[in-house]
Protein chains: 2
Amino acid sequence: VIELAAVGTPALVVHGPTLDRNLATMAAARPGSRCRPHVKAHKTTELARRQHAIGHAGFTAATTREVLGLAVVGLGEDLLLANETIDGRRLRAMADCGARVTIAVDSVETIDAAADHGIREVLIDVDVGLPRGGCDPVVAGALADRAGRAGLEVRGVMGYEGHVSLYTDRAQRAAATAAAMEVLHGAHAAVGGDVVSAGATVTYDLNHVATEIQAGSYALMDTAFAPLVPEFAPAMWIESTVISVSPEHAVVDAGLKALGMDHGPPTIDGAQVLIVSDEHITFRPDEAVRVGDRVRVWPAHVDPTVAYHEWMHLTDGEEVLERWPVDLRGW
Amino acid sequence: VIELAAVGTPALVVHGPTLDRNLATMAAARPGSRCRPHVKAHKTTELARRQHAIGHAGFTAATTREVLGLAVVGLGEDLLLANETIDGRRLRAMADCGARVTIAVDSVETIDAAADHGIREVLIDVDVGLPRGGCDPVVAGALADRAGRAGLEVRGVMGYEGHVSLYTDRAQRAAATAAAMEVLHGAHAAVGGDVVSAGATVTYDLNHVATEIQAGSYALMDTAFAPLVPEFAPAMWIESTVISVSPEHAVVDAGLKALGMDHGPPTIDGAQVLIVSDEHITFRPDEAVRVGDRVRVWPAHVDPTVAYHEWMHLTDGEEVLERWPVDLRGW
């Protein structure tokens, strides 16, 4: 038995019971294929195995590395690369990896690249309001025809309504989701197929058009999204150690290289975070701390935080239950 | 010969001639032991080798992994862990790694931990105005005595005036540096020893007290610090590929997981960066781009950007000259 207190810091730590509750909550609301967990949020095949065990056989990925990593551990029943690529070497690797791989396409170029490198199945990626990938909805049908002529099987459409996370108010978020899905519904009518893939943890119970939800954050959750979907609790923190104490502040050994910072600084319970630098957080604790004390640092954004770490330590709060490699990092 | 255009994206790319100019500029201003390059900025032993070849035999590190990684490749003539730790396993590993290792201490706890685990040499880390590690200057002498009684050799003091990077005006920065170094000078008088270690790229030619400068950013530079020290040019970008184009914007395949975001979003020449998400940047180019075009993304902060990448591709702009593992990542 390894005590959590014996793990070197900074360390990525996941509270196992909270993780399992989050997974169960989603599996109850969207069982089986109605949720296609997005592995970009955790990049860990052992965590994907738990999502598979609770009933979700299909996975969403953002990178080729994620697709190939899932395939090699036997989780390749139905993988979706919800992203565009024209990299022939990577497309060929996914086509030949032994898994069922479906790829998002949103242009003639991405369709031709997929067809040229052995990909068999695609979704037409539609812009539903988030300014990122996705075709103009009016050309979705024409792109599907083009894909069909290129020999690709078009399974349906996808459209990511990520912009609705701006609405912390649930009713506003529901309305924005409905508007986005009306666009996707129209595109689906022109494209055909069985799959309407969309969403996000923050719309998992608001999206009534999608046949499947690409939810990622729900498993580990973070301080930015938790207020929007409080039924999923933050399950992941950075375990850190106090290395310096002064009358005004204290310092722990976790910093920018252990934390995604795009959603702002992390949170420390019972303390005010003052400065985050490469390998330090300076904070003002409500009650005095001492050199050597352990401190839990809660990240604002799970995804880019996980991507900095080699290992995920599963714990019950006291002991390390399992140690999982974060094996889907990189590209 | 591998063309840069054949490297999969996103990729960390370093322009070799610019890197070498930056190294030469520093080596001319602060030759030999007057600069102790900080490897936290690049985390790459092959780059440290270039710094060694141009005359800097000593290195600064922020983590145990950096110290051990330098030692194992034979760059351990004089390594400074410019950071506190009480981790006995790590202290012992550094003590036994075969390199000359000096460690920063700023408290009784860190002194005792170092002495208990075989460390032989320390610097007294002094708070010179940045609210982070470092002891109150008035206790520096007493801590040095304590370290001596514990059997440690006290080589001198260190104090990091990182707060002066807030002053973009050179005269203001010089004044703030002088004020911080007056504090360090006073502490040094109480501590003794040959070493006064301080600074930073942004004070390398303003700090007249330090016997050695812990400069990190100067080698690769970034968009946040370049305006302060324009004699060092940004040498590192993220090579990315356009994967989606719409009338209003375009999207490349580099995002939060390829970029440190704490100093703000990255820059793309001839374009306005609109949104940075996990694996995408949405931007508005001044001139039309096409799917497949390569785009250089300039990070605002080098250090947490490098920490996301497995490989650093050295280039002359056209070909890949060398491919270096970013082998000092983690803790």
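Select B:Glu310 and A:Arg65 in this predicted model. The two residues form a salt bridge from chain B to chain A, and the closest N and O atoms are 2.8 Å apart. Pairing of this kind is possible because side chains of opposite charge can pair when their charged atoms come close. Across the interface of chain B and chain A there are 4 salt bridges by the rule used.

Keep the interface on screen and show the polar contacts. Between chain B and chain A, 26 residue pairs are in polar contact, with both residues at pLDDT 80 or more. To see what chain B brings to this side, colour α4 (88–95), α5 (108–116), β10 (236–245), β13 (271–277), β14 (280–285) and α8 (302–306) of chain B; each supplies at least two residues of the side that touches chain A.

Now select every residue in contact between the chains. On chain B there are 54 such residues, and they touch 54 residues of chain A. About 4200 Å² is buried between chain B and chain A, with 55% of it on carbon and sulfur atoms.

How are the two chains related? Chain B can be laid on chain A by a turn of 180° and a shift of 0.0 Å along the axis, giving an RMSD of 0.0 Å. Such a turn and shift are the relation of a two-fold axis. Of the interface residues of chain B, 100% are also interface residues in chain A, so the copies meet through the same surface.

Hide chain A and show the strands of chain B. An open sheet of 7 strands appears, with parallel pairing and the order β3-β4-β5-β6-β7-β8-β9. Its edges are β3 (58–61) and β9 (212–213) of chain B, each of which pairs on one side only. Inside the sheet, pick β6 (residues 121–125) and β7 (residues 153–159) of chain B, which pair in the parallel sense over 5 bridges. Which residue of β7(B) stands opposite B:Leu123? That residue is B:Gly156.

Next add helix α3 (residues 64–72) of chain B. Helix α3 lies across β3, β4 (78–81) and β5 (101–105) of chain B, and runs at about 170° to β4(B).

Switch to chain A. Here too 7 strands form an open parallel sheet, in the order β3-β4-β5-β6-β7-β8-β9. The edge strands are β3 (58–61) and β9 of chain A, each pairing on one side only. Select β7 (residues 153–159) and β8 (residues 195–198) of chain A: these strands run parallel and are joined by 4 bridges. One place to zoom in is A:Val157, whose bridge partner in β8(A) is A:Val196.

From the sheet edge, go to A:Glu212 and A:Arg36. Their side chains meet in a salt bridge, at 2.6 Å from N to O. The pair links distant parts of the chain: A:Glu212 is in strand β9 (residues 212–213) of chain A, whereas A:Arg36 is in the loop between α1 (16–29) and α2 (45–53) of chain A, 176 residues away. Over all chains, the whole structure has 32 salt bridges.

Stay in the loop between α1 and α2 of chain A and select A:Lys43, which is placed there. A:Lys43 is not a glycine, yet its phi is positive, at about 55°. Most residues other than glycine have a negative phi, and most peptide bonds are trans.

The last stop is a pair of peptide bonds. A:Thr9 and A:Pro10 are joined by a cis peptide bond with omega of about 0°, and A:Pro10 lies in the loop between β1 (2–3) and β2 (11–15) of chain A. In chain B, a cis peptide bond joins B:Thr9 and B:Pro10, with omega of about 0°. B:Pro10 is in the loop between β1 (2–3) and β2 (11–15) of chain B.

Notes:
Residues are numbered from 1 along each chain as its sequence is written. Chains are lettered from A and ligands numbered from 1 in the order in which they are written. This is a predicted model: local features need pLDDT of at least 70, side-chain atom pairs count only at pLDDT 80 or more; totals for chains, interfaces and linings use all residues. Side-chain values use heavy atoms; hydrogens and water are left out. Copies are superposed by least squares on the C-alpha atoms of residues with pLDDT of at least 70 in both. Contact means heavy atoms within 4.5 Å. Two strands pair if DSSP finds at least two bridges between them. Axes are lines fitted to C-alpha atoms, for helices over the stretch in contact, and angles run from 0 to 180 degrees between N-to-C directions. Buried area is the accessible area (1.4 Å probe) that two parts lose on being put together, summed over both. A polar contact is a pair of N or O atoms within 3.5 Å; within protein, one must be able to donate a hydrogen and the other to accept it, and residues adjacent in sequence count only if both atoms are side-chain atoms.
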